[in-house]
Amino acid sequence: MEPTSPLIDTDFGISQLSGNRDLYITLLGKFSDEYRDLNDRLQEMMDQQAYDSAFTLLHTLKGVSANLGLTALQHASKQVELAIRGNQSLPEDYAGFVVILDRTLQKISQFTSPVDATPSATEQPAAHSELLAALHASEFIPGAQLDTYLTSLTLPAGEKQRLQTAIEELDYQQAIAILTDAP
């Protein structure tokens with residue numbers, strides 16, 4: 001699910017708000033806060049067979065994305081929404097949707113953050129180096145400790161999910177690669 005539309009059409013989004021750029025930036029920030037954990041929430045809904053709630057969540061995401069000019073996410077949301085409504089399952093290319101969601105949230109962060117407030121690429125939480133050391137030492141990482149690490153890491157949700165899966169499957173080399181490639 002590679003985006004064929006722009007991640008953010010700021011001109012359209014601002015035009016939806018009668019040219020009020022400050023309000024647009026505020027709404028993008030609220031959007032980011034609301035949907036940052038969408039993948040986790042959606043997965044939980046699907047696990048609990050709460051298909052109506054999952055459909056409503058995706059339907060709302062699609063509509064809000066459309067209004068804010070988050071075109072690629074709007075189109076990707078439609079595919080997930082249809083799969084949930086029609087098959088009560090996530091589509092085969094759900095991982096592609098998560099990538100578009102993460103990239104959109106990153107783009108929003110870049111757009112809404114002041115230039116001087118952007119953390120440098122070398123700033124990583126202590127959890128990053130601790131987890132990396134544990135992986136290099138092939139240490140077993142209990143679930144509670146893994147949750148703590150994942151919460152502390154500054155990775156997009158899709159990357160956190162890949163990292164968690166790699167660690168749970170004891171594929172530490174893959175996990176190390178994910179952490180090493182992290183910005």
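Let me begin on the exposed face of helix H8, where Ala144 and Thr151 are exposed. This is a predicted model, and everything I describe this morning is computed from it. On the other side of H8 from those two residues, the picture changes: within this helix, which spans residues 143–152, the buried residues are Leu146, Tyr149 and Leu150. They cover an arc of only 95 degrees around the axis, and therefore lie on the same side of H8. What do the buried residues of H8 pack against? Their partners are helix H7, residues 126–136, and helix H9, residues 157–168.

I turn next to the nonpolar cores. The largest has 31 residues, and those that touch the most other members are Phe31, Leu42, Leu61, Leu70, Leu73, Ile84 and Phe97. Five elements each give two or more residues to this core: helix H2 (21–35), helix H3 (38–47), helix H4 (51–68), helix H5 (71–87) and helix H6 (94–112). Phe31 serves as an illustration. Leaving aside residues up to four places away in sequence, Phe31 touches Leu61, Val64, Ser65, Leu68, Leu70, Leu73, Leu105 and Ile108. There is also a second, separate core, of 19 residues, which includes Ala127, Leu132, Ala134 and Tyr149. Tyr149 has already appeared in this talk, as one of the buried residues of H8.

Leu132 brings me to Ile176, a residue of helix H10, residues 172–181. Is Ile176 buried or exposed? Its relative accessible area is 8%, under the 20% cut-off, so Ile176 counts as buried. Not counting residues up to four places away in sequence, Ile176 touches Leu132, Leu135 and His136. For a sense of distance across the model, Ile176 and Met46 are separated by 130 residues in sequence, and their C-alpha atoms are 29 Å apart in space.

Finally, I come to the second largest pocket, which holds about 240 Å³ of space. Its lining comprises 14 residues, of which Val98, Val99, Asp102, Gly158 and Glu159 are the closest to the centre. H3, H6 and H9 are the elements that give two or more residues to this lining. Which element gives the most? That is H6, with 7 residues. By class, the lining of this pocket has 5 nonpolar, 5 polar and 4 charged residues.

To close, two helices recur in this account. H6 gives residues both to the largest nonpolar core and to the lining of the second largest pocket. H9 packs against the buried residues of H8 and also contributes to that pocket lining.

Conventions: Residues are numbered from 1 along each chain as its sequence is written. This is a predicted model: local features need pLDDT of at least 70, side-chain atom pairs count only at pLDDT 80 or more; totals for chains, interfaces and linings use all residues. Side-chain values use heavy atoms; hydrogens and water are left out. Buried means under 20% relative accessible area, exposed over 50%, partly exposed in between (1.4 Å probe, protein chains only). Helices (H or I, at least four residues) and strands (E, at least two) are DSSP runs, numbered from the N terminus. The arc is that of the directions from the helix axis to the C-beta atoms. Contact means heavy atoms within 4.5 Å. A nonpolar core is a set of buried Ala, Val, Leu, Ile, Met, Phe, Trp, Tyr and Cys residues joined through side-chain atoms within 4.5 Å. On a 1 Å grid over the protein atoms alone, a cavity is a set of points where a 1.4 Å probe fits but cannot get out, and a pocket is an open set with protein on both sides within 12 Å along at least five of seven lines; lining residues have an atom within 4 Å of a point. Grid points are joined across faces, edges and corners, and a volume is the space filled by probe spheres set on the points. Ala, Val, Leu, Ile, Met, Phe, Trp, Tyr, Cys and Pro count as nonpolar, Asp, Glu, Lys and Arg as charged, and the others, Gly among them, as polar.
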